[in-house]
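Open your viewer and get ready to click along. We will take the stops one at a time, with a selection to make at each.

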Amino acid sequence: MGRTGITLTRFIIETRAGDPAATGEFSVLLAQIGLAGKLIAHDLRRAGLINILGATGATNVQGEAVKKLDEIANETFIKVCQDSGLVCALASEEMEKPLQLPENWPRGKYMLLFDPLDGSSNTDINMPLGAIFSILRYEGKGGLPSAADIVRKGTEQVAAGYLMYGSSTMLVFTSGQGVNGFTLHPGIGEYLLSHENIRMPPGIGEYLLSHENIRMPARGKVYAVNEGNYHKWPAGTRRYIDHLKESDKATGRPYSSRYSGCLAADVHRLLLGGGIYLYPGETDKPEGKLRLLYEANPLALVVEQAGGRASTGTMRILDVEPKALHQRVPLLIGSAEDVSLAEAFFRGER
Ligand code: FBP
């Protein structure tokens, strides 16, 4: 092993992640997503100093007030991925329709769906933020994909992941062969899976692993949900949350409540420590809040690849047949045993 440590690019090339007949395009696209993460992290670190906090005054297709950082993150992803010449369509939470590339623009076979800044309610209060992405391959013959071509089942994703802007910036992804988490080394600007022999402080072992081949515990001790919506939930949902709060040593209850306001950050916690995140349907809004194609599907692929599960409460998220780009879906995601128990309550079996 050389002295440079395992960088994101080296990892992808060495593991030929994503495509046995690798052309290198996938690794470049993922590196571009990593670059978008570096640029956005750089802005976030200075946000309070360069007047990019607050709202733009506009409202997006979700009916939400657009934050300046939402716009900056969206434009950064578009610019960096469009410039790669590897994508033929881009769709995001901030754009009503997929971005059609100009006819003569260099393009490739990948379609990218993304939530450019996840946890928007955290932007102005220095709380964790993220970005979530889903990568599909366009199988069409020539021409540009239509809007319908990009609305695909989660099982068709070739790769998915998220960026997390917390105390450190991380890129966590899967391309169907397990889940790996890379930490951005702020000093050298590289995403590293491992940190070999590079000026290790005395006493630190030779080998520091970021998050290689993440395996999610089958069961956890934390739950993440906005309990402010408790009275809007169907009875099964309320009984499940009540169940988690009852005291019973044998089943590790009560669980601790941990809700950060950022889906990517909450799922990251569950990947490493187990537990469950819920954004369930409500009696008058059974589809819930979160978006299927660029929030639920990508995180479902990551979590399943780490041994966890993702459900609507009654079916596997990745099997949901999508009908619209910004379609919403109830989401239960986390440790396999926790999600299965939640489903039993949602189905009225408990
Ligand atoms: P954004 O992508 O617009 O941020 O919406 C998603 C999200 O912010 C999740 O990150 C978070 O878990 C959830 O919505 C918070 O919603 P609520 O404020 O209703 O609890």
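A residue counts as near the ligand if one of its heavy atoms lies within 4 Å of it. Select that shell and you will find 18 residues, with Asp118, Gly119, Tyr259, Leu263 and Tyr279 the closest. Before going on, note that this is a predicted model, in which local features need pLDDT of at least 70 and side-chain atom pairs pLDDT 80 or more, while totals for chains, interfaces and linings use all residues. Numbering starts from 1 along each chain as its sequence is written, and side-chain values use heavy atoms, leaving out hydrogens and water.

Now color the shell by class: seven residues are nonpolar, four polar and seven charged. Here Ala, Val, Leu, Ile, Met, Phe, Trp, Tyr, Cys and Pro are nonpolar, Asp, Glu, Lys and Arg charged, and the others, Gly among them, polar.

Next, show the side chains that make polar contacts (N or O atoms within 3.5 Å). Aspartate 115 places a polar side-chain atom 2.8 Å from a ligand oxygen. For lysine 289, the distance from a side-chain N or O atom to a ligand oxygen is 2.9 Å, and for glutamate 64 it is 3.5 Å. Switch on the surface: the ligand alone exposes 470 Å², and the protein buries 88% of that (Shrake-Rupley method, 1.4 Å probe).

Then select strands β6 (110-118) and β15 (276-279), each of which supplies at least two shell residues. Strands are DSSP E runs of at least two residues, and helices H or I runs of at least four, numbered from the N terminus. β6 gives the largest share, three residues.

Terms used
A polar contact is a pair of N or O atoms within 3.5 Å; within protein, one must be able to donate a hydrogen and the other to accept it, and residues adjacent in sequence count only if both atoms are side-chain atoms.
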